[in-house]
Amino acid sequence: MATDDNERGDLFGRLVCDAFHSLGYEDFQLNVNRSGREIDIKGRHRVEQKLLVAECKATSRPIGGADLNKFAGASQVESHIASAPASSYFVSLSGFTASARQQEAEAGRRMILMDAGDVISELIRGKVIVTRERAIGAAATATTRVPREASIDDQPLLIAHEIGWVWCVRFKTSGEFTHYTLIHADGHGISDSLASEIKEVDQNSTNALSGLTYVSSVAVPEATRGEREARNEYLQFLLREFGSVTLEGLPVDQETGFRSLRLDALYVPQRFLPVTSPQELERGESEDGETGAKSTYEILEENRHVAVLAGPGSGKTTLLKRLAVEYADADSSSSFADRLPNESLFPLFIRCRQLGDRCRQPIVKILGALIEQAEVLDKNEAFTNVVSVSLKAGNALILVDGLDEINDPRDRLAFTTQLRTFIATYPKVRVIFTSREAGFRSVAGAVGSVCSTYQISDLSDDDIRQLCVSWHREMLGDGRASQDLASDAYLAIVNNPRVAALAVNPLLLNTLLLVKRWMGEIPSKRTVLYSKAIEVLLMTWNTEGHESLDLEEALPQLAYAAFSMLKAEKQSVSARELRGLFSNARNDMPEILGYSRLSVDEFIRRVEERSSLIVQSGVIVESGISRPLYEFKHLTFQEYLAALAAAESWHPGREEEPDPSVVLEPYFGNQSWLEVIPLAAVMSGIKHAKLIVRKLIDAIREYEVEDFEAHYDEIRRVPTEHPLYLNLLSCIVDGAPIHPDLAHEAMQTLISHWGGQVNLAVEFRGSRLRPLLADLAWDGYVGDSARYIRCGQILSLLRFDELPADASVLVEGVRSPDERTAITTVLALTHHYTGAWLRRRVSPRKRPYVGHVNLKVALLEYILGSENPDRVFAGIWALGWAIPSYRWTKDEVRTIIEVITRLWRSEWDEEVCDLYWWVVSILPADGIRFTEQELPLPDDLKEFMAYAFAAEMTGDCADAKKAAVKLAYFYQDHYTDERVLQEVSAIERTGLVDPEWFGSLRRAVSHPTLFAL
């Protein structure tokens, strides 16, 4: 029964799948479009390698031979495409003509013909619907409401409706049908409101009930007081149980270990990525990015049955708790940060980990026993009635938490099969169940066709920030201290890519915040963080749902595999290769793994299902056989485990070479080992850490740079993006246990070879070696113009981080008689005037400065007050960034040009000269021009300008060429406006300069009166 033909066909196809499910088929696809044809139902057998192809017809006339022949051809093509034998079924509610049956018998049974009676038989056999006899028995209770002479017809109708299958038992009076009652597929009567819905649809479609009078079954009484109390007590239990969260299993301190935190305060709205086919699970795929992501509201609005998949700690249980709490407390306004469909639903929460032997029971029986969880033992029957009424009314919300936590795969399949039958019986009821991907993979076919499958999306940066704020507010209250700590935590996480990669998981983010709480900061030693996160995943988290793994047995095997895969440059390995790696680990380390309690296969299964450290990411064909493909879910964990293997000598060849520095040396320059080397140095102990750092320093010093310029001969700078440099930097920043003299030597090497791509001041922020970095940078800066920019950038950031947001303090620092204070303060001004992004990274809570005239005066005094090139260079550099913040007089511009010209004459370092010309190029062209008398043009400067005009507009000459054009504008007695505009046009044609630069200069030349006014 449906309102139109299309809806009727879709409903029929969907519900007929229930019959095919009882025949052993699953993974159904409906209305599969092919070129020139459409397949109504496709599926596969859950045991045999057989394809299901079915045609479904709900016509008023029996099907003839022509339709059978057409379908036979389509079925044969499907079998050929799938390279598998096909079981073909033709379902016709009106049956088949005699000639059609004869034709099929003579053709050798190309297909199985099913009429209405056959469908009903399979539905009864699959326990989707009760038998006719039981339906008639239930209808007998309505006989008191029909005429005494009426009799029950023994051939009830079976109605396919949106609420599911419903038996229609009719009564005859004087040989004519006069009355009817409706019995749900579960064998109980339905409410009058549902009966009215069915009658209304019938009037607009089949008219099968036209002229008949409906009589209610007495099996649907009004809710009793006891039933209302049972319902309310269960809802109160849900609010108590799920309205808050605890930190059980996480690295808590004594204070936080016993605290309950409000769910609504911590909940971050989730987003979901569609999984459109079971094959995506096999390949480890889902829609990438946020473009296809949906909100909780959207997936509930669009679907009645939803499977939610994610790894451990991704928020699956939190989602179900959030739904249970809101719908259990429907009278209160929601305090959650997102919204749900505005429906009156009765939430029923099944925790699979608590089912035990009951996992094979019918779902209805499991639901009826949920009241026992609320410690209410005298209202079982009343609660069962409440559940029954809600199921038939379609307003129940079934929340099934942790399908994967039914550890025995056979029990899990049995439960899922019961769930599939339950959905067939109550299709209007909302069912949402969660599982880890690994646990869902084996049962996806059983329920995949009756539910929409989604994966929980990772936390975004905004989500991380929101959770940091909410977490600190719950822990510390809503004060300034809480906000500052939340901001510090958020920035420490998102500014460290490796830590940020973990924080996209809510469980690991909470672990980070708890570790920060009891250590005072996100650990500078990432080894502490990674070790604690792996301990949580393997041992302490969710011990009810998944038994803990022994770290002493798990870590050596995982580390051995991680190292071996990295060495072989493999991110993924087949199941056979993975088994081989774990077997080799046991053979190579008998003193550690000789008495392993788990078989290799069981170990793989347990690691994937419990921790998702290793996950199935796809399939690979080996020797013509399709095998699962495995990888470490987070590269961060693979790198940490590989480093642990090197440090603990848990790697292949450990007997021949136990020294980590020798094992790792071949990979010092390998980009793929960038994280492994420093992590191993930190974990290797004093002796081996010293050897690793020493070898890195020597490797950098021996590094040959081709075609380096002559004045770099004694430095031989290795590129700062080179793995040698980055490995040494990370070893020092991460706190490898080395002697202070070696640390001093390593820091000098880092500064000497620093090229600016790596921000040393940021890398050492919060490090105990930060003062040493400042001292070494100062020593390098003073008296060596070749190191002005390199060491000046380090000093500027270090000093900027120390300064308060107070212009008067800056003025005082610039005018300080102490040389180091004055120079470093002026260098810090380069960031005083720059964009907010740098300010955020170096000093998260600084307020943006406002241009201050006293600071401008102090800066000019500083530049003019000394001939010391160390001081003047710093002043010119800061001046370049200050220029856009102020208006400049003609005398000030003349002074700047004179000072820069003097510095340029005595400077041989091209980097420093380029910086001087950059400052000249951004001087304001707003009507300021000079006669020869006001500002003479020296011959050497004129020669430079001629050279710059003739040079190509390349990266090396860009600032010099722009400076020459700007000087030509200023020296109006030597260069005509036409020449200036000619040079401006030449620069414009290159497309390498911001249009605002040449646009402002062109306006200054073309409209001088505008600036004069």
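**Loop residues and a negative surface patch**

In this predicted model, lysine 127 is placed in the loop that runs between helix α4 (116–125) and helix α5 (132–139). The backbone of lysine 127 takes a phi near 60°, which is a positive value in a residue other than glycine. With a relative accessibility of 69%, lysine 127 counts as exposed, because the cut-off for that class lies over 50% relative accessible area.

A positive phi is also found at serine 649, where the angle is about 60° although the residue is not a glycine. Serine 649 belongs to the loop between α26 (635–648) and α27 (660–664). The relative accessible area of serine 649 is 12%, and this residue is therefore classed as buried, given that the term applies under 20%.

Turning to charge at the surface, a negative patch is formed by Asp4, Asp5, Glu7, Asp10, Glu38 and Glu162. The element that gives the most to this negative patch is helix α1 (residues 5–22), which supplies 3 residues. Another member of the patch, Glu162, is located in the loop between strand β7 (157–161) and strand β8 (164–173). Glutamate 162 has a relative accessible area of 43% and is thus partly exposed, since that value falls between the limits of 20% for buried and 50% for exposed residues. Membership of a patch requires over 30% relative accessible area and no salt bridge, and the 43% of glutamate 162 therefore satisfies the requirement on area.

Definitions and conventions: Residues are numbered from 1 along each chain as its sequence is written. This is a predicted model: local features need pLDDT of at least 70, side-chain atom pairs count only at pLDDT 80 or more; totals for chains, interfaces and linings use all residues. Side-chain values use heavy atoms; hydrogens and water are left out. Patches are made of residues with over 30% relative accessible area and no salt bridge: like charges are joined within 9 Å, nonpolar side chains (Val, Leu, Ile, Met, Phe, Trp, Tyr) within 5 Å. Accessible areas come from the Shrake-Rupley method with a 1.4 Å probe; for residues, only the protein chains shown count as cover. A salt bridge is a side-chain nitrogen of Lys or Arg within 4 Å of a carboxyl oxygen of Asp or Glu. Lys and Arg count as positive and Asp and Glu as negative; His and the chain ends are not counted. The place of a charge is taken as NZ of Lys, CZ of Arg, CG of Asp or CD of Glu. Helices (H or I, at least four residues) and strands (E, at least two) are DSSP runs, numbered from the N terminus. Buried means under 20% relative accessible area, exposed over 50%, partly exposed in between (1.4 Å probe, protein chains only).
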